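Hi everyone, thanks for coming. Please take a moment to look at the sequence and the structure, and then I'll walk you through a few spots.

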Amino acid sequence: MVLLCNSDVFDCIYSFILKQICERIPMYISNRLSLLKPSATVAFTEKARKLQKAGHDVIVLAAGEPDFTPSRAVREAVKREALEGPTCYGPTAGYLEVRQALVEYLERTKGLRVNTDQVILSNGAKQALFNALAALIDPGDEVIVPAPYWVSFTAQVELLGGVVRIVTAESSNGFKVTPEQIHEALTPKTRCIIFNNPCNPSGAYYTADDVRELTEICTGAGCAIVSDEVYDMIIFEGGPYLSPAVVSDEAGELTAVVGGFSKTYAMPGWRIGYLAGPEPWIKKVTSFQGQATHHPSALAQAAALAAMTGDQQVVEEMRQEFLRRRDFLLEAISGIPGLCVDVPPQGAFYLLVGVAGLIEALPDAEGSTDVSTWLLEEAKVALVPGVEFGAEGFLRVSYAASMEDLERAVQRIDEAVRKLGL
Ligand SMILES: Cc1ncc(COP(=O)(O)O)c(C=O)c1O
């Protein structure tokens, strides 16, 4: 009795019992999530940035985010919204004014004609993609994913119980899949294809003719298209952009466009993206988002509105700068033994460097992960191994980094490689 009144002793017994219970019954994690890995690009970038913070002179060419800042007008809009805008919940799909601006933007930039019930704003294109897939995929459904692919494509499909069918885009075909390959991959269980143009990580760009051919194969088979178009404003050559959604009326009824503001307007941390597609699809996505997260932040919506309606010169300036960096890298890498770029990227801000020569030259190296680890140690340059994107034998270079960093990185890699006697 006396013991029970003594709160210190009581706490001690209580935590002892709790510890015993916890040690015997491990925390249960669902089967679905226990298999899920963190995003390789996010994990890799975080690791490299931690090294930087700890005082190591590491050059990080791993991140998929522009090294620019949003325009002044966009920043002012966010500030105004924070000081004067409403702070209550808004409509799940996003404010009508922002959706109306998005509808006009889509028509202006890619000739896509939709209404405000056919678009929804989300916390980045990543959420828009997940929403689109969640509304489509039942366990066991097949999803065609051309490789090299962005890491979240396969992870999201698997999370939903879908079966990923990889179709490898060969470097000999410019890292682009052919209509024949897609035709062969289609089965009665195929639910959709995830199409990404221009492509992360290869920078491959499907021309309007390529898109027409691929789209016709898909629509002919009733296969939905989830078209990830987040890099649609960063194209260097290959002609005007064509979205599968505008190829034909039939295609429009089977395609959802995933888009965002992270890349085009340099606002990845503000988390805003969108999905545009057939009304029944968007309606279900809206119910899903309403239950899962609700609308994206009002501040991010204000930023998106200002970005879409503001001066577009900033977009062109960024594109020009990415082009300058790409050209620099292509030339610089061609002079480094053991490295090669088979396919000059035509869009986005990445390139895949072939490292077969280095895998061979490094003792015990088995693949791109070993080369990436070696480069981090020897050259203090962080590049994501291609194996994470379904592109073994390559490393992904992100040139969303300053020219100065790119120059230093190339010099360091060159020195490290030459020490191998290549
Ligand atoms: C192909 C692709 N889709 C979507 C995203 C996600 O973009 P957001 O920042 O809008 O979620 C990325 C980001 O790297 C990407 O590379």
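**Around the ligand**

Let's begin with the ligand, keeping in mind that this is a predicted model. Which residues are around the ligand? Going along the chain, we meet Gly124, Ala125, Lys126, Trp150, Asn196, Asn200, Asp228, Val230, Tyr231, Ser262, Lys263 and Arg271.

Now let's look at some polar atoms there. A polar backbone atom of Ala125 sits 2.7 Å from an oxygen atom of the ligand. With Lys263, it is an N or O atom of the side chain that lies 2.7 Å from a ligand oxygen. Arg271 also uses its side chain, placing a polar atom 2.8 Å from an oxygen of the ligand. And how much of the ligand does the protein bury? On its own, the ligand would expose 400 Å², and the protein buries 93% of that.

Next, salt bridges. The structure has 19 of them. One to find on your screen is the pair Asp232 and Lys110, whose closest N and O atoms are 2.7 Å apart. This pair connects distant parts of the chain, with the two positions 122 residues apart in numbering. Asp232 is in the loop between strand 6 (224-228) and helix 11 (249-254), while Lys110 belongs to helix 6, residues 96-110.

Last stop: the surface. Which residues form the negative patch? They are Glu180, Glu184, Glu213 and Glu216. Helix 9 (179-185) and helix 10 (208-220) each contribute at least two residues to the patch, and Glu216 is found in helix 10.

Thanks for listening!

Note on methods:
Residues are numbered from 1 along each chain as its sequence is written. This is a predicted model: local features need pLDDT of at least 70, side-chain atom pairs count only at pLDDT 80 or more; totals for chains, interfaces and linings use all residues. Side-chain values use heavy atoms; hydrogens and water are left out. Patches are made of residues with over 30% relative accessible area and no salt bridge: like charges are joined within 9 Å, nonpolar side chains (Val, Leu, Ile, Met, Phe, Trp, Tyr) within 5 Å. Accessible areas come from the Shrake-Rupley method with a 1.4 Å probe; for residues, only the protein chains shown count as cover. A salt bridge is a side-chain nitrogen of Lys or Arg within 4 Å of a carboxyl oxygen of Asp or Glu. Lys and Arg count as positive and Asp and Glu as negative; His and the chain ends are not counted. The place of a charge is taken as NZ of Lys, CZ of Arg, CG of Asp or CD of Glu. Helices (H or I, at least four residues) and strands (E, at least two) are DSSP runs, numbered from the N terminus. A residue is near a molecule or strand if one of its heavy atoms lies within 4 Å of it. A polar contact is a pair of N or O atoms within 3.5 Å; within protein, one must be able to donate a hydrogen and the other to accept it, and residues adjacent in sequence count only if both atoms are side-chain atoms.
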